[in-house]
Amino acid sequence: MSSALTRLAPLAPRLTASGLCRQQHRGFSAAVGHGDAKVNCWEQPTNISNWKEEHIVFAVLGCWGVGIYSAMKIFGGGKKESTPSAAPEQLEKH
């Protein structure tokens, strides 16, 4: 490894002088300034249009979960059959 670096050491001034060593550019990042800045949902809870996309997804999934759970409790309920208790009949037989 060190031998490779020593062989490339004379090339270093030429590489940086000719502009081959460029700085990374984040073209589509949110920091560039396209549109409104997105904020966390707890910073502006009443302004949903400024929320970050993942916070909107969490809120929608949570609302679906509450809705499905409520519908299961209200409409699903599990019907219980009313059976007469067997204990009084067994006492009469003895």
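## Getting to know a four-helix chain

Me: With which side chain does the side chain of Ser-49 make a polar contact?
Reply: Bear in mind that this is a predicted model. A polar contact needs an N or O pair within 3.5 Å. Ser-49 has such a contact, at 3.0 Å, and its side-chain partner is Asn-47.

Me: Is Ser-49 buried or exposed?
Reply: Ser-49 sits in the loop between H2 and H3. Its relative accessible area is 53%. The cut-off for that upper class is over 50%, so Ser-49 is exposed.

Me: How far apart are the C-alpha atoms of Ser-49 and Lys-38?
Reply: Along the chain, Ser-49 and Lys-38 are 11 residues apart. In space, the separation of their C-alpha atoms is 8.5 Å.

Me: What about the loop residue Asn-50: is Asn-50 buried or exposed?
Reply: Asn-50 belongs to the loop that links helix H2 (12–17) with H3. Its relative accessible area comes to 15%. Under 20% is the limit for the lowest class, so Asn-50 is buried.

Me: Which side chain makes a polar contact with the side chain of Asn-50?
Reply: Start with what Asn-50 touches, leaving out residues up to four places away in sequence: Asp-36, Ala-37, Lys-38, Val-39 and Gln-44. The side-chain polar contact of Asn-50 has a length of 3.3 Å. The partner at that distance is Gln-44.

Me: And Asn-40, is that one buried or exposed?
Reply: Asn-40 is also a residue of the loop between H2 and H3. Its relative accessibility is 15%. With the limit set at under 20%, Asn-40 therefore counts as buried.

Me: A polar contact joins the side chain of Asn-40 to which residue's side chain?
Reply: Set aside the neighbours within four places in sequence, and Asn-40 is in contact with Trp-51, Lys-52 and His-55. The polar contact between side chains is 3.3 Å long, and it joins Asn-40 to Lys-52.

Me: Why does the span of helix H3 agree with its number of residues?
Reply: H3 covers residues 53–76, which makes 24 residues. At 1.5 Å a residue, the helix should span 34 Å. That agrees with the separation of its end C-alpha atoms, which is 33 Å.

Me: Which residue follows H3?
Reply: The residue after H3 has a positive phi, near 40°. That residue is Gly-77.

Me: How does Glu-54 count at 42% relative accessibility?
Reply: Glu-54 lies in helix H3. Its C-alpha atom is 9.7 Å from that of Cys-41, 13 residues apart along the chain. Since 42% falls between the 20% and 50% cut-offs, Glu-54 counts as partly exposed.

Me: How much accessible area does the nonpolar surface patch have together?
Reply: The patch is formed by Ile-48, Ile-56, Val-60, Trp-64, Ile-68 and Met-72. One of its members, Ile-68, is in helix H3 and counts as partly exposed at 47% relative accessibility. In an α-helix, residues three or four places apart point the same way, because there are 3.6 residues a turn. Together, the patch residues have an accessible area of about 610 Å².

Me: Zooming out, what share of the chain's residues count as buried?
Reply: The chain has four helices and zero strands, so from the N terminus on the elements run α-α-α-α. It exposes about 9,100 Å², with carbon and sulfur atoms supplying 62% of that. Of its 94 residues, the buried share is 6%.

Key:
Residues numbered from 1 in each chain as written. Predicted model: local features only at pLDDT ≥ 70, side-chain atom pairs only at ≥ 80, totals over all residues. Heavy atoms only, no water. Helix = DSSP H or I, 4+ residues; strand = E, 2+ residues; numbered from the N terminus. Expected span 1.5 Å × (residues − 1). Buried < 20%, exposed > 50% of the residue type's maximum accessible area, 1.4 Å probe, protein only. Polar contact = N/O pair within 3.5 Å; in protein donor to acceptor, adjacent residues only side chain to side chain. Contact = heavy atoms within 4.5 Å. Patch = residues over 30% accessible without salt bridge, like charges linked within 9 Å, V, L, I, M, F, W, Y side chains within 5 Å. Areas by Shrake-Rupley, 256 points an atom, 1.4 Å probe, with all protein chains shown as cover. Salt bridge = Lys/Arg side-chain N within 4 Å of Asp/Glu carboxyl O.
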